[in-house]
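Here is a short report on how some helices pack in one protein chain. Look at the model first, then read on.

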Amino acid sequence: MYLKVGIVLDCNLLNNPRIGFEVPFLASVDIGFEPSDIFDFVGLYFDDKIVREKLQGMVQVNALTPWYPGMHSGRPLEPQRLNQWREIRAKHNADGYTTDPVGLLDFSCSGLSNNNKTVTYAVSVGCHIPPVVLEMAMEREPFVRVCPLAGTRFKQPMNAMTCLEYINTHIRADTQNQLRLRGEMTEQDKEVIRAAGRDDDDVPARVLREKMEREIMYNNIVRQSQGARSPAEPHRARQKMRPRRSPCAFCGTWICKGLATPIAQPKIRVCVWDGERGE
């Protein structure tokens, strides 16, 4: 649900009534896989050799890249993609959704092998925007988050990036794996985090660093990492500065692990992809 809200805000649907009806929009979503325990993430990021071999991972939404007609530096949509959108638009019209915007949604997930070769998996589906999503995007009610230990509440303004952060925090809070978005991490998953910590220029590592700089969850890690960088001896400095423990970026307590739980809105499902409709 909130992924689609972010798409509405990023793809200019509220300002151009032609988008999704006469012309398409495209949202590219980068999916990552990170340790469910933030301290395991810290260990990988700072290349700690004592990190366990088997780690439980969880899905995270790293980035949302919009495309719509008229956007700055936007390339024209390829004819094959344009035909794909027209077929999906016609299908939704036949199903009775003539008044709802429809676009394209691309999911991609990348990992890094030991020799830093990028391995990417991708899928493209239709993106139907129901009226409730448009209403949420227009109202832009701020997100409310609460630390489970301190009980402190925080508000964040709604925009495309905080929608992604809300989804990621919701997944992180699902410790019982009711969303079925957790599993064992692969070496390719781990290498992306190590590469981000080394400041490698591979695309998956860059995307992860941008997410870390954007989301409150990683504030302390980013600060420690920036303070550890030294042109003379970067690796030794980073190992020395690696935070063994880190206070919650939300409430400041040491045992929270940064787990500030989002408060779900009434009658609203938080999901990355509506698998029931295949959208």
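M138 and E139 are exposed on one side of helix 4. This is a predicted model. The other side of helix 4 holds its buried residues: V133, L134, M136 and A137. Seen down the axis of helix 4, these buried residues fall within an arc of 160 degrees, so they line one face of the helix. What do the buried residues of helix 4 pack against? They pack against helix 1. After helix 4 comes R140, with a positive phi near 50 degrees.

Now take the helix pairs. Two packed helices are described by the angle between their axes and the distance between the axes.

| Helix pair | Angle between axes | Distance between axes |
|---|---|---|
| Helix 1 (residues 2-10) and helix 4 (residues 131-139) | roughly 60 degrees | within 9 Å |
| Helix 6 (residues 187-197) and helix 7 (residues 203-214) | about 70 degrees | 8 Å |

Start with helix 1 and helix 4. Their crossing is right-handed. Helix 1 brings Y2, K4, V5, V8 and L9 to the contact, and helix 4 brings V133, L134, M136 and A137. Of the residues in this contact, 8 are nonpolar, none is polar and 1 is charged.

Helix 6 and helix 7 come next. They pack at an angle of about 70 degrees. That makes helix 6 roughly perpendicular to helix 7, because angles of 65 to 115 degrees count as roughly perpendicular. On helix 6, the contact uses V192, I193, A195 and A196. On helix 7, P204, A205, L208 and R209 take part. The residues of this contact divide into 7 nonpolar, no polar and 1 charged.

Note on methods: Residues numbered from 1 in each chain as written. Predicted model: local features only at pLDDT ≥ 70, side-chain atom pairs only at ≥ 80, totals over all residues. Heavy atoms only, no water. Axes fitted to C-alpha atoms, helices over the stretch in contact; angles between N-to-C directions. Helix = DSSP H or I, 4+ residues; strand = E, 2+ residues; numbered from the N terminus. Left-handed = near helix turned anticlockwise from the far one by under 90°. Contact = heavy atoms within 4.5 Å. Nonpolar A, V, L, I, M, F, W, Y, C, P; charged D, E, K, R; others polar. Parallel < 35°, antiparallel > 145°, perpendicular 65-115°, else oblique. Buried < 20%, exposed > 50% of the residue type's maximum accessible area, 1.4 Å probe, protein only. Arc of directions from axis to C-beta.
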